[in-house]
Amino acid sequence: MCGIVGYTGCKKAAPILMKGLQKLEYRGYDSAGIAVGRDHKIDVIKKEGKLDKLKEKLKSSMLEGKTGIGHTRWATHGRPSDRNSHPHFDEKQQFIVVHNGIIENYQELKEELKNKGYQFSSETDTEVIPHLLSEYYNGDLRDAILKVVEKLVGSYALAVMYSREPERIFAVRQDSPLVVGRGAEGENYIASDIPAFLEFTDDFYILDDGEIAEVSAGEINIFNSSGQQINKDIFEVDWDAEMAEKNGYSHYMLKEIHEQPDALRKIMKNRVSPGKIDLTEIAFPERIDDIQIVACGTASYAGRVGKYVLEELTRIPVQVNIASEFRYSDPILGENTLVIVVSQSGETADTLAGLRLAQKKGARVLALTNVVGSSIDREADQVLYLRAGPEIAVASTKAYSAMVTSFYMLGLFLGKQEGIISESKGKEMLQNLLCLPELASRVIEENEKTVKHLADRFQNCEHAFFIGRNTDYSLALEGALKLKEISYIHAEAYAAGELKHGTLALVEEGVPVVAIATRKGILDKMMSNIKEVKARGAEVIAVTYSDVKNVAEEADYIINIPEIEGIFSGVLTIIPLQLMAYYTALKRGCNVDQPRNLAKSVTVE
Ligand code: AGP
């Protein structure tokens with residue numbers, strides 16, 4: 001949802017800004033631009049399209065300045081074009097702004113400004129900001145910014161420069177992420193997300209809503225919304241720059257799929273050991289009557305697995321809510337309701353709003369998130385970190401597996417606490433959990449060849465169906481989403497038993513149907529559903545255990561996963577489906593890491 005960066009120091013700003021933007025390109029990639037200050041003047045270069053186009057354009061320009069800001073855009077207001085690209089100037093080209101978020105009252109502000117004679121040169125909501133700065137500036141830029149943000153309704157992370165003080169950047173946020181990096185002596189940074197400048201620093205200030213940072217090469221000063229200077233703690237990041245690189249893989253997505261065994265080890269470290277699960281880092285409410293899971297996209301599909309896991313292991317009723325619906329509903333949350341919000345980025349606008357609504361209604365919120373210091377991390381009452389390391393590809397893979405594993409851990413911990421899981425059953429289940437990293441490695445090794453073949457076979461199909469029952473249905477939803485988002489093949493997931501109530505009409509000769517059959521108690525039912533689609537000409541790809549002979553005999557293609565206790569099959573099942581989506585997208589020539597119309601971190605509604 002747009003990435004913003006800023007640099008001020010002793011080196012030429014443009015190449016450093018471009019490096020930062022490259023790291024943030026996952027946030028948006030339909031146009032990009034940078035502005036660099038020098039001698040009471042700000043030079044701006046922007047270009048529609050991916051960052052490479054901007055890079056090309058930069059070759060013929062001389063940007064010498066040592067302070068600058070940059071932006072990579074995911075269009076919300078105004079289609080992708082040079083004109084709508086950020087940064088945006090006021091008419092006199094004095095104030096320049098990059099923005100991530102949405103100014104909801106921009107129409108009203110634009111009208112007011114137009115009536116005062118201001119002329120607009122883009123269709124963006126952002127452009128009202130530089131004009132407002134020009135309107136309110138009275139010798140003190142910080143003061144002008146505070147006045148302007150008072151007028152704004154919506155979400156924003158802004159970086160602002162002024163041509164008469166071209167060595168300073170101001171940064172301010174409301175409901176959109178923004179960090180300030182403290183670099184080596186004489187160099188400082190701002191960014192939407194930490195990986196932008198991990199190469200240069202591990203020390204960041206994480207701005208809170210309403211705070212404003214004044215950043216120059218020599219110092220960083222932070223003020224609250226009333227303009228008083230405040231002291232903030234430095235947040236020291238323990239990710240290193242390499243973790244945010246491709247490390248020899250052709251795409252981030254492939255790297256992140258392969259990182260899953262390690263991610264599983266990390267999430268369980270010091271939490272799960274033979275015979276023991278320790279989640280004392282979380283202060284659970286004394287009594288939990290019901291659980292509400294709130295999340296978007298892949299995180300919500302992990303939540304759907306979580307529902308089955310938690311209900312089976314704890315017998316506490318669980319409901320899964322899509323955050324964009326939840327936030328505009330009037331949910332019934334009792335004082336003994338535990339709300340679990342799930343978010344890789346910790347910045348998804350709808351999930352954050354769901355968290356706030358739940359707290360407003362008096363519920364306690366536990367967050368499952370990957371990004372330490374994110375808004376969701378800071379606002380939730382309790383946090384269970386996913387510890388998956390930076391996830392850069394737009395399609396989530398390792399974070400999903402970590403989310404599902406957190407539900408296993410939560411289920412086992414609460415199930416034991418509630419007295420639902422016996423000591424011996426608990427030990428057996430923990431053993432299953434501890435085997436997951438090893439088994440996940442095996443799944444990757446043993447299936448890469450099969451899925452490449454399947455990608456070859458089905459690369460030209462227009463539709464695909466994913467079916468399953470119980471947790472396998474939740475996995476079908478995630479498998480279908482992966483295929484859709486990166487290969488652009490229309491894929492639908494159905495609860496296998498529901499197909500005959502309408503959707504079966506779409507199954508015809510040659511349509512691929514991925515049938516997930518890992519829940520042993522209901523394998524016969526899955527067999528009937530496989531037969532139903534086969535009878536209509538579908539080509540069935542079954543994901544199952546090697547000893548499930550009847551499924552293997554009926555299916556056209558088999559993806560085998562290692563035998564594991566039913567509820568724990570989720571992580572192993574999703575890996576081949578991620579790989580299948582990856583190789584299919586690759587065969588179709590799609591941009592795997594940056595699929596069209598999408599962005600990694602959805603910080604707008
Ligand atoms: C995942 O492949 C998707 N691109 C998307 O559905 C994502 O999971 C969703 O936007 C939620 O993101 P979050 O986990 O960062 O909140």
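Me: Before we start, where do the domain bounds come from?
Reply: Domain bounds come from an automatic or database domain assignment. Keep in mind too that this is a predicted model. So the source of the bounds is an automatic or database domain assignment.

Me: Okay, which domains does the assignment give?
Reply: Going along the protein, the assignment has domain 1 at 2-243 and domain 2 at 248-421. After those comes domain 3, at 446-593.

Me: And what separates the centres of domain 1 and domain 3?
Reply: The centres here are taken over C-alpha atoms. Between domain 1 and domain 3, that gives 44 Å.

Me: Let's talk charge. Which residues form the negative surface patch?
Reply: One of the members is Asp-202, which sits in the loop between β10 (188-191) and β11 (203-206). Patch members need over 30% relative accessible area, and Asp-202 has 35%. The full patch is Asp-202, Glu-236, Asp-238 and Asp-240.

Me: How many salt bridges does the structure hold?
Reply: Side chains of opposite charge can pair when their charged atoms come close. The cut-off here is a side-chain nitrogen of Lys or Arg within 4 Å of a carboxyl oxygen of Asp or Glu. For this structure the count is 47.

Me: Which residue does Arg-378 meet in a salt bridge?
Reply: The two side chains come to 2.2 Å, N to O. This pair links distant parts of the chain, 170 residues apart: Arg-378 is in helix α11 (residues 375-379), and its partner is in the loop between β11 and β12 (212-216). Arg-378 is partly exposed at 30% relative accessible area, and the partner is also at 30%. That partner is Asp-208.

Me: Is Lys-398 buried or exposed?
Reply: Lys-398 forms a salt bridge with Glu-259, with 2.7 Å between the closest N and O atoms. The pair brings together helix α12 (residues 398-417), where Lys-398 lies, and the loop between α6 (252-258) and α7 (260-268), where Glu-259 lies, 139 residues apart. Buried means under 20% relative accessible area. Lys-398 has 2%, so the call is buried.

Me: How many residues apart in sequence are the parts tied together by Asp-556 and Lys-534?
Reply: These two form a salt bridge, the closest N and O atoms being 2.9 Å apart. Asp-556 is partly exposed at 34% relative accessible area, and Lys-534 is partly exposed at 25%. Asp-556 lies in the loop between α16 (549-554) and β27 (557-561) and Lys-534 in helix α15 (residues 523-535), so the parts they tie together are apart in sequence by 22 residues.

Me: Which residues are linked in a network of salt bridges?
Reply: The network includes two arginines, Arg-173 and Arg-356. On the acidic side it has Asp-175, Asp-209 and Glu-379. Put together, the network is Arg-173, Asp-175, Asp-209, Arg-356 and Glu-379.

Me: On to the backbone. Is the peptide bond from His-86 to Pro-87 cis or trans?
Reply: Pro-87 is in the loop between β4 (67-73) and β5 (88-89). Omega for the bond from His-86 is near 0 degrees. That bond is cis.

Me: What is the phi of Gln-93?
Reply: Gln-93 lies in the loop between β5 and β6 (95-103), and is partly exposed with a relative accessible area of 47%. Although Gln-93 is not a glycine, its phi is positive, at about 60 degrees.

Me: Is Asn-270 buried or exposed?
Reply: Asn-270 also has a positive phi, near 60 degrees, in a residue other than glycine. Its place is the loop between α7 and β16 (272-273). The cut-off for exposed is over 50%. With 69% relative accessibility, Asn-270 is therefore exposed.

Me: What separates the C-alpha atoms of Pro-177 and Ile-4?
Reply: Pro-177 is in the loop between β8 (168-174) and β9 (179-182), and at 4% relative accessibility it counts as buried. Ile-4 is 173 residues apart from Pro-177 along the chain. Their C-alpha atoms are separated by 9.7 Å.

Me: And what about the C-alpha atoms of Gly-502 and Glu-108, how many Å separate them?
Reply: Gly-502 is in the loop between β24 (490-495) and β25 (512-517), partly exposed at 45% relative accessible area. Along the chain, Gly-502 and Glu-108 are 394 residues apart. The C-alpha separation is 46 Å.

Methods:
Residues numbered from 1 in each chain as written. Predicted model: local features only at pLDDT ≥ 70, side-chain atom pairs only at ≥ 80, totals over all residues. Heavy atoms only, no water. Patch = residues over 30% accessible without salt bridge, like charges linked within 9 Å, V, L, I, M, F, W, Y side chains within 5 Å. Areas by Shrake-Rupley, 256 points an atom, 1.4 Å probe, with all protein chains shown as cover. Lys, Arg positive; Asp, Glu negative; His and termini not counted. Charge placed at Lys NZ, Arg CZ, Asp CG, Glu CD. Helix = DSSP H or I, 4+ residues; strand = E, 2+ residues; numbered from the N terminus. Buried < 20%, exposed > 50% of the residue type's maximum accessible area, 1.4 Å probe, protein only.
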